[in-house]
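Colleague: I would like to take a close look at one part of this model, namely the place where protein and DNA meet. Could you take me through it slowly, in connected sentences that a first-year student can follow?

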Number of protein chains: 2
Amino acid sequence: MKGGKRHATLSDVARSADVGTTTVSRVINGGAKVSPKTLARVRSAITELGFIPNHAARTLRGEQTKIIGLIVPSIADSFFSSCADAIQEVARRHGTLVILTVTNNDPASENATISTLVRRTDGLLLVPTSSHSLELRNQLRDISIPVICFDRPMYDIQIPTVITQNFEGARAATRHLLEHGFRRILCLGGESELFTMNERVRGYTAAMKEANARPLIDMRSTACDYEGTSNAIVKHLKGAKPPQAIFCLKNSTTISTYSILQKMKISIPSQVALVGFDDFELASTLRPSITVVQQPVEELGHTAARLLFQRLALAKGMPINDKEKIKPIQLKTRLILRASCGCREVEEPQSISASGH
Amino acid sequence: MKGGKRHATLSDVARSADVGTTTVSRVINGGAKVSPKTLARVRSAITELGFIPNHAARTLRGEQTKIIGLIVPSIADSFFSSCADAIQEVARRHGTLVILTVTNNDPASENATISTLVRRTDGLLLVPTSSHSLELRNQLRDISIPVICFDRPMYDIQIPTVITQNFEGARAATRHLLEHGFRRILCLGGESELFTMNERVRGYTAAMKEANARPLIDMRSTACDYEGTSNAIVKHLKGAKPPQAIFCLKNSTTISTYSILQKMKISIPSQVALVGFDDFELASTLRPSITVVQQPVEELGHTAARLLFQRLALAKGMPINDKEKIKPIQLKTRLILRASCGCREVEEPQSISASGH
DNA sequence: TTTGTTTCTGGTAACGATTCCATTTTGGTT
DNA sequence: AACCAAAATGGAATCGTTACCAGAAACAAA
């Protein structure tokens, strides 16, 4: 009998328990006083009829939707899917659902998504496609629900934001390579229009300048795929003064670079050392293992979500005080030392007989 | 002026255009006849007031919510996040939003999630935690909205389902190893309570029996993590007749196994060959590259979503005819031959000078 | 002009929960 | 028994939309 009987309504319960709808509402939402006798009667009527409040009706009355919107560039990307996981968990603890949308870094799609979501959610968690976009800024300014930005900030607008220390992470990674004695370090990959990439480049450059080494940056926003990376590497390695180390600005570049160097039979780290930004599952499994800057992905998601729910709780009472300067929360990154930077010996695998116990 | 002015309502528009609410509604939803004159007047009033229909009110009136629910075991898992990506894309094309929920393979969480979602979405895309659960089956039977299962089916209940050819894929992989001359093939990893894993074991076993080889299966549902896998491999390799090849039932087992064999300095494939179920980004990058059974992930998501929207379109008109036997759609898997099975020479990387052009 | 069709249009009752406000009940005090 | 404050309860309006149904307007034919 699929889709047959309609759900019980609040007035069904009221009739069944012989009370007014007001009383039932009070029982459901707690708070107001209800005599123990009626309470019990209503409770049993509710369970008997299997009553579940209709959310649309509640929302219509001006209540919260108990839904938040999550807007990310991509969900297939493990960075964002891990964030989504953390966010979803926090939301569930708050009895709230998460609508997932992806923009593919397309501003038009982002704009449309935000418009749709504003009317249908209590708040938004957003990874902005562009930190500068005037259009996006205006859209966010006029928005009637709380918005939190994460991973990338928005300029010239006061929005609570959580990001990671891209600058510091990249600087630490570069410093580390410099400490190994490398002077010619190539900074490779990454879309030049993205905030995170620029911050990492800034960190790289800062470290190089500190050491009086000449920065060598090759960002190719159009072709930072495998092919583009391959061409870039070949070009640089064929030069008169080939790089002794490569600092990859993003995950996929790290993977491509690794794969390309292996194919070219260039030994890592003895011929070319390698450090990547952003950790990934196999970075420790590959031989040589890859040194990376690790971002606190779960914490990023948790913090952003917590911030949103904090605002949501506040919003119930008074309007938010937006006058106070909002400083982005910056989460610490961590340099994970493995073999590709030259820190560890290339791992000597243990033999089979030695491994038993 | 955050959250200041309230949104314009349909009756605001009606007043402004000096028509009845019914007419405005007709303009918005199209269909019925409206004279060109009034049409223009209403249209301009709509744009002028920036009117956007209130979704809660529509839903309350019994319209669709334009939201579907997606229930997966985990979103950090690249398999499911790729599915989610595909689903989200189809949904967007249908002007529908996707609520993402994760169960962590926990039946209680699944149960609660479904209950919540039923009242708030038009339909559900579900990866069931258990194919057998009587409780889940009953819950699904009483549900008032269309449900599609994917990746794992439900037994003894007619629900449209999309799965991949786990059996055939595993059999093909095993046959391939047998063709290489390996007789002692270990089938490793995977949770024994999951449908997909059992199907793969069935495929493996079928191939082994065909070839009169003795199946050797080691599923350890409690400990199929790195540690458990490591212990298992050591145990098997120390035996009198160590396996010549390993068929890994799932992604994470493949990765662990690969890493462990490398650590043990056991050469792949010359000492132990390796084939995994489910492809992953780095499988082709690792040296040796890993032969895997590839599942059509995007197609799985697309197909499931399309099936749901098909039902949704149908549901508008007549009740669904559930009498017809519903056969699960099975999507083809593909065996990707790489080096770890012994097919290719271990790749001779090209030298740097040879690579330019 | 009258009549009979179409074609448009608007009033109003739902949908299901919340909440103000008024009313009833309770219980404690003189 | 009489009174009053406090506690408990219910009626009915409200949120914004859709759809039934009836009524008005337009137009054609007689």
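Modeller: What follows describes the surroundings of each DNA strand in turn, and then the shape of one protein chain. Please keep in mind throughout that this is a predicted model.

Let us begin with DNA strand C, which is surrounded by 27 residues. The closest of them are Leu10(A) and Arg61(A) from one chain, together with Thr22(B), Thr23(B) and Lys33(B) from the other. If we sort the surface near DNA strand C by class, we find nine nonpolar, 11 polar and seven charged residues. Helix 2 (21–29) and helix 4 (55–60) of chain A, and also helix 2 (21–29) of chain B, each supply at least two residues of this surface. The largest share, four residues, comes from helix 2 of chain B.

Which parts of DNA strand C lie within 4 Å of the protein? Of the strand's atoms within that distance, 58% belong to sugar or phosphate, while the rest belong to bases. Individual contacts illustrate both kinds of partner. On the base side, a polar side-chain atom of Thr21(B) lies 3.4 Å from a base oxygen of DNA strand C, and a polar side-chain atom of Arg26(B) lies 3.2 Å from a base nitrogen of that strand. On the phosphate side, Ser35(B) places a polar side-chain atom 2.9 Å from a phosphate oxygen of DNA strand C.

We can now turn to DNA strand D, which has 26 residues around it. Those that come nearest are Thr23(A), Lys33(A) and Arg61(A), along with Leu10(B) and Arg61(B). By class, the surface near DNA strand D is made of eight nonpolar, 11 polar and seven charged residues. Here helix 2 of chain A, and helix 2 and helix 4 (55–60) of chain B, each supply at least two residues, and it is helix 2 of chain A that gives the most, with four residues.

Among the atoms of DNA strand D within 4 Å of the protein, 59% belong to sugar or phosphate and the rest to bases. A base oxygen of DNA strand D has a polar side-chain atom of Thr22(A) at 2.7 Å. For the phosphates, a polar backbone atom of Ser35(A) lies 3.0 Å from a phosphate oxygen of DNA strand D, and an N or O atom in the side chain of Arg58(B) lies 2.8 Å from a phosphate oxygen of this strand.

To place these helices in their setting, it helps to look at chain A as a whole. Its secondary structure comes to 13 helices and 12 strands. The radius of gyration of chain A is 27 Å, well over the 21 Å that the globule rule gives for 357 residues, and therefore the chain is more spread out than a compact globule. Along the principal axes, the C-alpha atoms of chain A fill a box of roughly 90 × 60 × 35 Å. Even so, 53% of the 357 residues of chain A count as buried. Among contacts in chain A between residues at least 6 apart in sequence, 69% join residues at least 24 apart. Finally, chain A exposes about 16,500 Å², and carbon and sulfur atoms supply 50% of that area.

Definitions and conventions: Residues numbered from 1 in each chain as written. Chains lettered and ligands numbered in written order. Predicted model: local features only at pLDDT ≥ 70, side-chain atom pairs only at ≥ 80, totals over all residues. Heavy atoms only, no water. Near = heavy atom within 4 Å. Polar contact = N/O pair within 3.5 Å; in protein donor to acceptor, adjacent residues only side chain to side chain. Nonpolar A, V, L, I, M, F, W, Y, C, P; charged D, E, K, R; others polar. Rg over C-alpha atoms; globule rule 2.2 N^0.38 Å. Buried < 20%, exposed > 50% of the residue type's maximum accessible area, 1.4 Å probe, protein only. Contact = heavy atoms within 4.5 Å. Areas by Shrake-Rupley, 256 points an atom, 1.4 Å probe, with all protein chains shown as cover.
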